[in-house]
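User: I have a model open and want to go over how its helices pack and where its pockets are. Can you take me through it?
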Amino acid sequence: MTHLLREHLFKRYRGLFLTLLLDVVLINLTFALSYYVRYELELPSGVPEDSRAPYSAYLPLQAGYTLLMLIFLAVDGAYTPRRGGNWLNEAYRVFNASTTVGVIVFAAIFFSLPAFYSRALIILTVAFTVV
């Protein structure tokens, strides 16, 4: 690959790479915030001792949530460059991806994943992701 071509590709995809990186960081911070609110602040209601799970138990679910969010954001066109788009369209894309991923994660928890996963944590994560 020539130097000019490499430089052109870097300039072209740098914004996309930075956007994806920022999304990964923010999605994971949202998940961590949801865990804190659910298990440390015990909101929206108390957490029984036998239902507590360490944060490390949620890491596979967090990774899956992050991957699904990136996929559904891409499917909804969040990473497609456009000029003159408004914030309402972007908010809709985030809302749509978050609710879709939330339903998928709920189904996964219901059908196959360990019973200790908190449904309230998933609801908080979806809500915080949208906000």
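Analyst: Helix packing comes next, then the pockets. This is a predicted model, where local features need pLDDT of at least 70, side-chain atom pairs count only at pLDDT 80 or more, and totals for chains, interfaces and linings use all residues. Residues are numbered from 1 along each chain as its sequence is written, and side-chain values use heavy atoms, leaving out hydrogens and water.

User: At what angle do α2 and α3 cross?
Analyst: Roughly 140°, with the axes of α2 (residues 55-75) and α3 (residues 87-111) coming within 9 Å. Axes are lines fitted to C-alpha atoms, for helices over the stretch in contact, and angles run from 0 to 180 degrees between N-to-C directions. Helices are DSSP runs of H or I, at least four residues, numbered from the N terminus.

User: Which residues of α2 make the contact?
Analyst: L61, Y65, L68, M69, F72 and L73. On α3 the partners include R93, V94, A97 and I109; contact means heavy atoms within 4.5 Å.

User: Switching to pockets. What volume does the largest pocket have?
Analyst: About 300 Å³, counted as the space filled by probe spheres set on grid points joined across faces, edges and corners. A pocket is an open set of points on a 1 Å grid over the protein atoms alone, where a 1.4 Å probe fits, with protein on both sides within 12 Å along at least five of seven lines; lining residues have an atom within 4 Å of a point.

User: Which residues are closest to its centre?
Analyst: D23, L26, L73, V94 and T129, out of 16 lining residues. α1 gives the most to that lining, with 5 residues.

User: How much space is in the second largest pocket?
Analyst: About 150 Å³. R38, S51, Y117, S118 and R119 are the closest to its centre among 11 lining residues.

Technical notes
Helices (H or I, at least four residues) and strands (E, at least two) are DSSP runs, numbered from the N terminus.
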